[in-house]
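Open the model in your viewer and keep the selection panel at hand. The stops below are meant to be taken in order.

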Amino acid sequence: MPLPFIAIGWYGALAAAAAILAAGTVALNWDKILILFKGKHLAILGARGVGKTHLRKFLTTGSIPAEYKQTVAPEKTPKNRFQLKELDIKIKEGFDISGDKAAYAEWKKLHDKAHIVFYLLRVDRLIAGDNDVETRVRADMRHIGGWIEEKKQDRPELFIIGTHCDCDPAFVGLTKDKIADYTDKFRRLPVIHEIVSRGGGALQVKVVIGSMKTVVNTEALVFQIFNQATT
Amino acid sequence: MTEKFIFWAQALDNSSPDLITVRGEAIGADDSLRRQKAVSDVSHVVKSGNRIFDTRGVQLTADAQNFIIEVPSVQQDRDGRTAPIVCYGQYDREIIANLSDYVADSLCEFVRESGRSIKPEHIELVHQAFSELKKKNQKRRIAFGTVIGAAALTIAILIYGIIRLISSRIP
């Protein structure tokens, strides 16, 4: 299903991506992206309320949920086409699953089948030094790091995706040149250092942050993911 | 009443452990094995089953022997999201007739104990959902009976034909 892009949405996405990337233009290598993502199984993992359902819906329908509900029982998401400019990727059928620790066994099943793993976490809470969120993120990555170790040669591509930047007052209203500083500040957090290390180190793990408050913001975040995927 | 089912609800603060009860017993956050088993039972139905009913937030999914029904609670979580309650159970020909009553009563008991509530219209939809499951189950049984009957008839005709063939060759 094609993304419901309209001209304003498209340029808005580009503008937002450009702002977040602190660059004048966004030049993505669509061929490389296609090779990396085509026909691959994607696992979207993360604690409760980080935006897993939102991102999966965007990647499978091009829209964001009109109403939000907690994901308790898993939801089957049908296979679909994700179209974005020159990119046209078949997204395989997947599952949207709960973020509670009780779902770890289900996370592992998704992880073991996946070629690409998105681990979502809340930037605003980590920047604010929320101990509960830090503890949870560490626990999640202990598991994910262990599963990646088990797969060794066949390890999935791991993306750590920070969401909810818009909920941090320090982020809102930042100018282009200051967004890069904010991103650096996030990457320097001890917990981020630790989980990147558990995921296999900075060369293996891609870190992306942004907001998914609107469709435009979500597009910008996805642009960043693609940008990181090809660097 | 809740001893027949697994109930699962996410905490409204999104940080406390999810509330999971298995056959009437609340499973604590430190009992990760039993909690993960309960979640796997629920997940299995989603993977192997089909969506039978989906109206105004009440969703029933079932495979040949198990079902899960998701019902929105009146309360929303800290982020303003709908907070559904999930009920897992097994069914067979005998209990399907009264299943919606069992589930509705058990749901009411679970929400009362967990300090939540469900709108009466959603309870009504629970009954409708199980009526749909009953209809689908009857259709499946009729289809299964038809296939078995056709197979038995085919085999009988074949055997009859073979006997006729053999007897015609015996002088």
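This tour of a predicted model goes from one whole chain to an interface and then to a single residue.

**Stop 1: chain B.** Select chain B and colour it by secondary structure. Chain B has 3 helices and 7 strands, and their order along the sequence is β-β-β-α-β-β-β-β-α-α. Turn the chain to view its C-alpha trace along each principal axis: the spans are about 90 × 35 × 25 Å. The radius of gyration is 23 Å, whereas a compact globule of 171 residues would have one near 16 Å. Shade chain B by accessibility next; 41% of its 171 residues count as buried. If you list the contacts in chain B between residues at least 6 apart in sequence, 53% of them join residues at least 24 apart.

**Stop 2: the interface.** Now show chain A as well, and select the residues of each chain that touch the other. The selection should hold 23 residues of chain A and 31 residues of chain B. The two chains bury about 2,300 Å² between them, and 48% of this is on carbon and sulfur atoms. On the side of chain A, pick out R48(A), Q70(A) and V72(A): these lose the most area to chain B, together 32% of what that side buries.

**Stop 3: polar pairs across the interface.** Display side chains on both sides. There are 5 salt bridges between chain A and chain B. One to centre on is R48(A) with D18(B), where the closest N and O atoms are 2.4 Å apart. Residue pairs in polar contact between the two chains number 16. Which elements of chain A each supply at least two residues to the side that touches chain B? Select β2 (75-77) and α4 (104-113) of chain A to see them. Of the elements on that side, α4(A) gives the most, with 4 residues. Coloured by residue class, the side of chain A that touches chain B shows 9 nonpolar, 4 polar and 10 charged residues.

**Stop 4: K52(A).** Finish in helix α3 (residues 52-61) of chain A, where K52(A) is found. Is K52(A) buried or exposed? Its relative accessibility is 8%, so K52(A) counts as buried. Beyond its neighbours within four places in sequence, K52(A) is in contact with residues including I44(A), G46(A), D96(A), S98(A) and L120(A). Draw a distance from the side chain of K52(A) to the backbone oxygen of G46(A); the value is 2.9 Å. As a last distance, join the C-alpha atoms of K52(A) and G173(A): these residues are 121 apart along the chain, and the separation is 25 Å.

Terms used:
Residues numbered from 1 in each chain as written. Chains lettered and ligands numbered in written order. Predicted model: local features only at pLDDT ≥ 70, side-chain atom pairs only at ≥ 80, totals over all residues. Heavy atoms only, no water. Contact = heavy atoms within 4.5 Å. Buried area = accessible area lost by both parts, 1.4 Å probe. Salt bridge = Lys/Arg side-chain N within 4 Å of Asp/Glu carboxyl O. Polar contact = N/O pair within 3.5 Å; in protein donor to acceptor, adjacent residues only side chain to side chain. Nonpolar A, V, L, I, M, F, W, Y, C, P; charged D, E, K, R; others polar. Buried < 20%, exposed > 50% of the residue type's maximum accessible area, 1.4 Å probe, protein only. Rg over C-alpha atoms; globule rule 2.2 N^0.38 Å.
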